[in-house]
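Trainee: Could we go through this one together? I'd like to begin with the aromatic rings and then move on to the sheet.

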Amino acid sequence: MVSASDAVEKASYATLSAGGDIGAPVFQHVPEDTDPPVIIIGDIEATPIGGKDDPDRRVALTVITVTEAEERKPLLDLMNAVETRLDGARLQENGWKLSFTFVGSSAVLTPEGDGYVGESRFEILAFAA
């Protein structure tokens, strides 16, 4: 069985990539010279739910959204699409039952001022099936 973090990454990617156009390509690793907009499966942090030998995990996932625009709206639209696809999702992946909950988000102007970067945060309960 794969780790809970690996299962969360795979399930998140599959869910964001499936079911029609979400408005931007989804990546786990963005190829060089890829222009925005992009959605990136970002940081994943897993902590045990129970004792030392308990395989179940509480997983924090960050999904990064990057746009190149003078307005924040395209970023907010993409972030809403990410939230809609993942919040409340109940998925199974490689021996794990995953339950996604949206925790919060932020949207900031890039230092260059030519686009925006969004961060959507989710908590996933991962139970070994």
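Mentor: Let me fix the term beforehand: rings of Phe, Tyr and Trp (its six-membered ring) pair if their centres lie within 6.5 Å, and planes under 30 degrees apart count as stacked, over 60 as edge-to-face and the rest as tilted. This is a predicted model, in which local features need pLDDT of at least 70 and side-chain atom pairs count only at pLDDT 80 or more, while totals for chains, interfaces and linings use all residues. Residues are numbered from 1 along each chain as its sequence is written, and side-chain values use heavy atoms, with hydrogens and water left out.

Trainee: OK, how many aromatic pairs does a search of the whole structure find?

Mentor: The search finds one aromatic pair. The ring centres of phenylalanine 102 and phenylalanine 122 are 5.6 Å apart and the planes stand at 65°, so this pair is edge-to-face.

Trainee: And which strands does the pair link?

Mentor: Phenylalanine 102 is in strand E5 (residues 96-109) and phenylalanine 122 in strand E6 (residues 116-128), 20 residues apart; strands (E, at least two residues) and helices (H or I, at least four) are DSSP runs, numbered from the N terminus.

Trainee: Buried or exposed, what does phenylalanine 122 count as?

Mentor: Phenylalanine 122 counts as buried because its relative accessibility is 2%, whereas phenylalanine 102, at 23%, counts as partly exposed. Buried means under 20% relative accessible area, exposed over 50%, and partly exposed in between (1.4 Å probe, protein chains only).

Trainee: Switching to the sheet, what is the order of the strands?

Mentor: Six strands form an open sheet in the order E1-E2-E3-E6-E5-E4, with mixed pairing, where two strands pair if DSSP finds at least two bridges between them. The edge strands, each pairing on one side only, are E1 (26-27) and E4 (90-93).

Trainee: How many bridges join E4 to E5?

Mentor: Four bridges join these antiparallel strands, and glutamine 92 stands opposite lysine 97 in E5.

Trainee: Now the loops: what about aspartate 33 in the loop between E1 and E2?

Mentor: Aspartate 33 has a positive phi of about 65° although it is not a glycine, and at 74% relative accessibility it counts as exposed. Most residues other than glycine have a negative phi, and most peptide bonds are trans.

Trainee: Where is the cis peptide bond?

Mentor: The cis bond joins proline 36 and proline 37, with omega about 10°, and proline 37 also lies in the loop between E1 and E2.
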